[in-house]
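This report introduces a protein model with a bound ligand. It turns to the pocket and then to the surroundings of the ligand.

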Amino acid sequence: MVFRKIPGVSAPGMGLRLSQKFVFLLFLSGLVTLCFGALFFLPDSVRLKRIFLSKNESPAVTARSEGEARDLPRKTAGEPLKVVEVAGGKLRVSRRPSVTHDARTLERSVGTQERTQVDAVDGARDVEAKDVRKGSDFEMFNKCFLKPSLGVDRGKPSDPQTVQRRDKVREMMKFAWDNYKRYAWGKNELRPLTRNGHIGTMFGGLRGATIVDSLDTLYIMGLTEDYKEAKEWVQNNLDLNSNGEASLFEVNIRYVGGLLSAYYLTGEEVFKQKVLELGEKLLPAFSTPTGIPRGVINLGSGTSWSWGWASAGSSILAEFGTLHLEFVHLSELSGKPIYTEKVMNIRKLLDKIEKPHGLYPNFLSPVSGNWVQHHVSLGGLGDSFYEYLIKSYLMSDKTDEEAKRMYYSALEAIETNLVQKSPGGLTYVAEWRGGVLDHKMGHLACFSGGMVGVGADDGAPEKRQHYLDLAAEITHTCHESYSRSATKLGPEAFRFDGGAEATATRLSDRYYILRPEVIESYMYMWRLTHDPKYRQWGWEAVEALEKHCRVEDGYSGIRDVYASTVSHDNMQQSFFLSETLKYLYLLFSDDDLLPLEDWVFNTEAHPLPVIRKSCLQEHGGTQDTEQTLPE
Ligand code: DMJ
């Protein structure tokens, strides 16, 4: 065959035209790519594959599900995102491989680092599954704890008297639980006098509040059989497809908090699945012009509205300000940044808005983003917002500087405007109504002894002792509100005016509904100071509870703490099992049971682990990306 020389084209092209050569090269490179790509589809055991692919190469990570991919920002769909840190107005998002225990989805969900480990053990399927389990969120968090969660001996104290006292609290839990089981199983609370269950309207048709609230208490107390029954109920009966009107706040602190804790303590996947399913149902509540959620949400339709009693359709500070801890963990477990974005948006708005004397009023319009009234309180309506600021900082492994700044400046404003000393020398936190002080302190505000104490280490160093003193003084005042009553239990609210000192003056404030706040502060103060008086005060509370609140078939609140013959309200609140008894048990345990270095308690006493970002990344995370939140 004779090749005709084309002017301008040289001979080494075997006489082909430029366009022919191009097509040929294209074909050749396509063939090479195809052959190389086929290596990925060969089983791991094929030698050829191991020769050509180094251990660090892996198939691309795929999205866990279509739904999930839809929720991810567009440019990153296909790779699960993970929020790992909130600092300086930036939401830092880390891409890390999704992890699942489901062997069927293993292949699809396994990510680069897990795949690397898997390849390292040469492809054996069962080993592969085991290896990935090592990287579950539960396992990763466990690797990042500084201490074992349940201590060396489940926190068993060394002195016999404390052992005895702790055993007594465990017996109280068993008694409360057994009666709930006998008469109210699956309902929200036990009515111990009428021996039946109570459902109520707070949880929007969700059931089993006492069960979900008790999971972690049963677990840490070593009530294993009861814990297992509770877990089985969650697995088989906790129906999240309810259609009722729920309090976003209550569902969050009890159900979301309870399930999260149960997952982080036990690693049981059922809790994670349930909490992620529930978390999704809460998101529509944030669809307001400001992103500040309304108080009530229909869990079925997603419609939300404000409480009828809240003035001018406002949202409540303690409600929308008490989502942060749980929502950050929802992002952790789901890999979806949306939960953290929602609560960061709330944080930003609160940080920016003008505050009277630096104080945060209790009512805010979710439409305009303005305060609706100037009522400020560390008790009901305000309380846990402040608690969540300092705890957000602690839970972020002390990286959430914004939360820290907001907490200490709020505390400064509270000290300047609200903290008072009574003529009798008692320190209390008054309420503030547009500049006028109401010399009243609610039982709920008694959590603040513990809060101020727990934050003492992280403010200005020269203020450490001042904060510890303030915490001790508030806790002392709250103890006085107990010791000045006939029952040795504290009223719902006590006053410091008209001659009153830590006592209720109104009939309507005299009740006690098994609340935990005073005991919560004893527990924190004990851990911080080891002053034996806190254990002694806790024991006095146990005796009072046994004498006045224990009835034949459970525990009940009482209507008047000053009456020598008590009248019962027929309600065993779920927070009695979740908080009151848990804090008592911790008070009589060694500090290594749920150490405060590793765990932060949500406002319903559900322990949530500290998020140690870099450690978690080491055990399964990859690199970070930064995403600035909208101003
Ligand atoms: C609990 O549900 C929580 O502690 C909440 O923050 C306020 N009060 C009750 C118990 O008193």
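## The largest pocket

The lining of the largest pocket comprises 14 nonpolar, five polar and eleven charged residues. The structure is a predicted model. The largest pocket holds about 670 Å³ of space. It is lined by 30 residues, of which Phe249, Glu250, Asp383, Leu444 and Arg515 are the closest to its centre.

Two or more lining residues are given by each of α11, α13 (317–320), α16 (383–395), α20 (517–529) and α22. With four residues, α11 gives the most to this lining.

## The ligand and its shell

The ligand takes up the space of the largest pocket. In the shell around the ligand, the elements that give two or more residues are α11 (248–266) and α22 (574–587). The largest share of this shell comes from α11, which gives three residues.

The residues around the ligand are Phe249, Ile253, Arg254, Leu444, Arg515, Pro516, Glu517, Phe575, Glu579, Thr603 and Glu604. By class, the shell consists of five nonpolar, one polar and five charged residues.

## Polar contacts and burial

Three residues of the protein place polar atoms beside oxygen atoms of the ligand. In Glu517, a polar side-chain atom lies 2.7 Å from a ligand oxygen. In Thr603, a backbone N or O atom lies 2.7 Å from an oxygen atom of the ligand. In Glu604, an N or O atom of the side chain is 2.5 Å from a ligand oxygen.

The ligand taken alone exposes 290 Å², and the protein buries 92% of that area.

Technical notes:
Residues are numbered from 1 along each chain as its sequence is written. This is a predicted model: local features need pLDDT of at least 70, side-chain atom pairs count only at pLDDT 80 or more; totals for chains, interfaces and linings use all residues. Side-chain values use heavy atoms; hydrogens and water are left out. A residue is near a molecule or strand if one of its heavy atoms lies within 4 Å of it. A polar contact is a pair of N or O atoms within 3.5 Å; within protein, one must be able to donate a hydrogen and the other to accept it, and residues adjacent in sequence count only if both atoms are side-chain atoms. Accessible areas come from the Shrake-Rupley method with a 1.4 Å probe; for residues, only the protein chains shown count as cover. On a 1 Å grid over the protein atoms alone, a cavity is a set of points where a 1.4 Å probe fits but cannot get out, and a pocket is an open set with protein on both sides within 12 Å along at least five of seven lines; lining residues have an atom within 4 Å of a point. A molecule sits in a cavity or pocket if more than half of its atoms lie within 2 Å of its grid points. Ala, Val, Leu, Ile, Met, Phe, Trp, Tyr, Cys and Pro count as nonpolar, Asp, Glu, Lys and Arg as charged, and the others, Gly among them, as polar. Grid points are joined across faces, edges and corners, and a volume is the space filled by probe spheres set on the points.
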